[in-house]
Amino acid sequence: MNEIAAELIRALNLEVIETLDLPGRPERRSPLPPELLAGALGPALRNVAPDGTAWTHQSLALSRLLARENIVVATGTASGKSLIFQAMAFHRILEDAEAKVLVFYPLKALASDQHARWLDMASAVGLDSSAIVKIDGDMPTSERGDALDAARIVLMTPDVCQAWLMRNVGSGLVRRFLERLALLVLDEAHVYESVFGSNVAFLLRRMISAKRRATHQLSENRRLQVIAATATIRDPEEHLHRLTGLTYSVVSESDNGAPFHPRQIIHVNGADYGAAGETALADIARGVRALSPRRRFIGFMDSRQGVERTVRQINEEGVMPYRSGYEVEDRTRIERALRSGSLDGVVATSALELGIDVSDMSVGINLGVPESRKAFRQRIGRVGRSGPGVFFVIAPPSAFRRFGETFQDYYAGSVEPSYLYLGNRFIQFAHARCLLDEVEVLGGDQASLPAGVDWPEGFADAIRLAKPGAGRPREFDYIAQVGSDAPHLNYPLRQVGEANFQIKDGRGEYQQVIGSIATNQAIREAYPGANYLHMGRAYKILEWSTRSYDRSIRVVASTHPVQTRPMLRKTANFSLSPDGIVDSRIKRAKSGLVAEVHLQVNESVEGYTIGRTAFPYKGLRAENPNMSRKQRDFRTTGVVIKIDEAWFAGTQKAGVREHVAEGLLGLISRDRSISPRDIDATHTNIALLTEAGPKRLTDAVVIYDAVYGGLRLTEDLFVEFERYVSQLDKAADLAGGDAIVGDDITAQLIEWTKTLGAGQADLGSTISTPDGWFQVYKPGSIVCVLYNGNFVEREIIEPKLADPFNTGLPTLFYSYRLNGGAGFIPHDQVQPTGQEWSWVLWNPDTGEFHELDDAHQSDGG
């Protein structure tokens with residue numbers, strides 16, 4: 001066993017469940033292309049390769065690049081991929097005095113880490129440091145133009161390309177940059193998936209199209225060539241084609257000539273979340289710091305606030321937290337300390353799992369099963385770069401078996417596909433708005449798709465809908481409003497239709513911005529009354545400001561912080577009409593159905609808990625109006641499973657439905673490499689939208705995309721429902737009493753699944769809602785109602801069932817306050833808005849109102 005691992009296991013009395021040995025291997029080398037060695041780059045290459053050879057995959061990749069191919073290098077971590085694209089970048093700019101190179105790094109931390117390496121190589125070839133510039137959100141906009149014009153190689157995040165470069169694409173300096181752009185580098189290409197990757201896919205197509213328009217004569221030297229580098233990706237050629245619309249040659253793991261140092265991956269018994277898990281990680285971290293000679297560690301967990309709590313628990317000066325949401329000064333300080341070696345360790349979220357090259361990290365620690373195999377391999381790759389390494393996974397003995405796999409299966413299995421959802425109508429609409437602006441300033445035909453790349457199906461329709469004055473479905477109104485007259489700024493790449501808040505420290509006029517947070521994170525971490533941890537310091541959340549000119553969350557330092565947990569509530573409404581079902585995807589059984597549907601989801605924080613004491617906002621608000629519920633409401637897609645059988649239906653079986661939802665959610669997220677932040681599930685507060693109004697269901701679960709508009713991340717749950725149920729059953733056999741879903745329930749599920757057959761839409765009248773309760777807007781809610789053709793805010797008075805046209809089918813209406821009197825409107829002409837509304841249950845026979853099922857406590861990020 002690895003000496004470091006053996007000492008830690010002995011000193012900390014760790015219980016080892018399973019160990020995987022990753023053996024080392026020797027290097028394989030081959031000659032570098034003569035053209036590179038004989039050119040201006042030759043002396044610098046001789047410094048790193050005195051014998052004129054490099055690892056076999058490096059030499060192969062450079063040969064293909066010299067042949068003007070687009071390539072994707074898909075080899076393991078620490079295999080020297082950076083040398084490939086750096087060598088080609090400097091070759092291009094040394095051979096062509098005007099050529100420019102653009103390097104995309106998906107994270108600021110990665111760009112910062114690699115910036116110094118680019119500067120070192122620039123110095124080696126005799127270039128001034130001004131030839132290399134890093135442009136990200138931390139560089140003031142006033143400085144970017146001069147930097148772009150002077151630099152030969154530009155390191156940039158895609159976010160800045162979207163919000164700044166493409167927004168200014170009509171300017172002379174950006175046109176000149178695009179005209180001279182000869183090489184595009186996409187590092188860590190596997191990160192470009194899901195919401196972020198889908199947005200980047202359209203951004204890259206727009207940028208490539210803009211280059212074609214900006215270039216007067218497209219010579220072979222200025223034809224844009226693309227290098228993509230990734231450690232973990234399935235079908236790299238197909239993924240890069242979908243990402244960019246271009247074709248690629250692949251340098252694969254079978255070509256990899258890099259040596260490996262031996263590493264051990266050790267599954268040790270421990271809690272995989274919460275206070276017990278955080279303590280387990282902190283104990284191993286302290287154990288590493290006690291080793292002699294000195295060793296350094298990196299710890300990973302998927303909770304932003306958990307990272308902060310763990311570092312506070314370690315309570316050592318040489319250990320820092322790292323996650324998204326920090327200001328530039330804080331991030332830079334941590335990154336410099338990591339590179340200089342002054343930090344003994346860091347505890348981080350996925351923000352540090354990519355390509356950060358700290359060669360002397362000996363120990364890695366992961367709390368829980370990583371959310372994907374890709375993430376797992378990236379995190380393992382952070383240790384053992386300059387010598388043997390060990391990587392601990394802290395999780396209960398059944399952690400892998402609960403999802404139908406062993407530890408060995410999990411590591412040995414092929415990595416998940418990288419999913420891009422290019423057909424998402426909201427993403428397409430956002431980028432159509434941007435493209436129309438770009439075509440207007442660069443010149444071109446707004447009625448047709450730009451040439452030079454393959455555009456996703458449906459994008460031509462999105463352009464038509466995005467044109468000023470175009471008639472479009474009402475569902476696009478919100479996303480159009482978000483974009484307003486500055487779509488490049490208002491449509492960020494990492495989310496769709498999601499608002500951000502600044503976090504401001506201080507009272508009155510003296511407030512300092514210390515970070516930022518998105519709404520979906522804020523309702524879980526930075527809700528009113530919460531104790532919020534940031535850079536190892538504790539703050540109390542005072543209030544939210546949602547004004548158009550000030551979207552911020554105000555905090556003050558907390559001197560005696562205690563852990564708070566949010567009381568979260570989720571509701572999901574869907575219809576089984578033809579418009580409510582996605583692509584007619586419905587299967588029916590005699591006692592239920594499975595369907596992929598369009599959903600209206602609301603997530604709200606209803607208060608918080610300290611220990612076992614609950615502090616609901618409905619009680620706190622009377623004393624402090626700032627203590628009010630916060631929420632996000634969005635349209636999305638998901639899969640509904642409705643089973644009207646005694647073992648599944650009814651309020652007494654809520655626990656069964658909860659476990660089934662949790663099990664299916666975990667399976668599809670791991671099977672399809674979906675971030676837990678991007679999908680969610682609910683087993684309560686589900687309503688079926690019927691002609692009469694929303695009716696409560698107590699025999700259904702919904703697994704849904706937790707992003708605005710829905711990317712159909714959960715569609716495979718419908719397509720392969722039978723396989724996922726079988727996987728639940730396998731997990732029940734492997735995990736026994738620790739299984740998420742017991743074998744008695746999985747047996748019932750398998751039998752029920754056998755009865756599923758083809759279904760049809762418009763089944764609302766055949767769906768039973770036996771308790772007769774409707775889900776309605778609570779009296780006093782502020783909502784939008786359709787009034788004289790426009791949506792205006794009004795206060796709900798009460799719901800009513802009425803049949804004004806004598807159809808024999810009473811329908812839900814609302815009365816609302818109007819000029820001292822009351823208005824009357826059908827339920828389908830009411831929309832939620834802002835924060836001052838909520839759902840309740842209403843029985844039209846008795847007139848009773850009941851609150852929805854209780855909000856559940858969450859660890860909150």
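This report walks through the sheets, helices, salt bridges and cysteines of a predicted model.

## The seven-stranded sheet

One open sheet has seven strands. Their order is 1-11-16-15-12-14-13, and the pairing is mixed. Strand 1 (16–22) and strand 13 (319–322) stand at the edges. Each has a single partner strand, so one side of each is left without a neighbour in the sheet. On average, neighbouring strands of this sheet are turned by 15° against each other, direction ignored.

At one edge, strand 13 pairs with strand 14 (residues 345–348). The sense is parallel, and the pairing runs over four bridges. Val-319 has Gly-345 in strand 14 as its bridge partner.

## Helices on the sheet

Helix 14 (residues 328–340) packs on this sheet. It touches strand 12, strand 13, strand 14 and strand 15. The direction of helix 14 makes about 130° with that of strand 13.

Helix 12 (residues 274–289) lies across five strands: strand 12 (296–300), strand 13, strand 14, strand 15 (361–367) and strand 16 (389–394). Helix 12 runs at about 170° to strand 15.

## Helix 18 and its buried side

Which residues of helix 18 (residues 459–466) are buried? They are Phe-459, Ala-462, Ile-463, Leu-465 and Ala-466. These residues cover an arc of only 165° around the axis, which puts them on the same side of helix 18. A general rule fits here: an α-helix has 3.6 residues a turn, so residues three or four places apart point the same way.

What do the buried residues of helix 18 pack against? Their partners are helix 10 (194–214) and helix 17 (425–442).

## Salt bridges between strands

The whole structure holds 45 salt bridges. One of them joins the side chains of Lys-504 and Asp-550, at 3.2 Å from N to O. Lys-504 lies in strand 17 (residues 500–505) and Asp-550 in strand 21 (residues 550–557), so the pair ties together parts that are 46 residues apart in sequence. Both Lys-504 and Asp-550 are buried.

Arg-569 and Glu-606 also meet in a salt bridge, at 3.7 Å from N to O. Arg-569 sits in strand 22 (residues 565–575) and Glu-606 in strand 24 (residues 592–610), so this pair ties together parts 37 residues apart in sequence. Arg-569 and Glu-606 are buried.

Strand 24 takes part in another salt bridge, between Arg-585 and Glu-596 (3.6 Å, N to O). Arg-585 is in strand 23 (residues 581–589), eleven residues from Glu-596. Arg-585 is partly exposed, with a relative accessible area of 22%. Glu-596 is buried, at 0%. Elsewhere, a network of salt bridges links Arg-524, Lys-570, Glu-603, Arg-632 and Asp-680.

## The hairpin after strand 24

Strand 24 and strand 25 (residues 613–616) pair in the antiparallel sense over four bridges. The bridge partner of Thr-609 in strand 25 is Ala-614. The two strands form a hairpin with two residues between them. In the turn, Gly-611 has a positive phi of about 65°.

## Cysteines without disulfides

How many disulfides does a search of the whole structure find? It finds zero. Take Cys-434: the closest cysteine sulfur, in Cys-161, is 11 Å from its own sulfur, too far for a bond. Cys-434 is buried, with a relative accessible area of 1%. Cys-784 also counts as buried, at 13% relative accessibility.

Note on methods:
Residues are numbered from 1 along each chain as its sequence is written. This is a predicted model: local features need pLDDT of at least 70, side-chain atom pairs count only at pLDDT 80 or more; totals for chains, interfaces and linings use all residues. Side-chain values use heavy atoms; hydrogens and water are left out. A salt bridge is a side-chain nitrogen of Lys or Arg within 4 Å of a carboxyl oxygen of Asp or Glu. Buried means under 20% relative accessible area, exposed over 50%, partly exposed in between (1.4 Å probe, protein chains only). Two strands pair if DSSP finds at least two bridges between them. A disulfide is a pair of cysteine sulfur atoms within 2.5 Å. The arc is that of the directions from the helix axis to the C-beta atoms. Contact means heavy atoms within 4.5 Å. Axes are lines fitted to C-alpha atoms, for helices over the stretch in contact, and angles run from 0 to 180 degrees between N-to-C directions.
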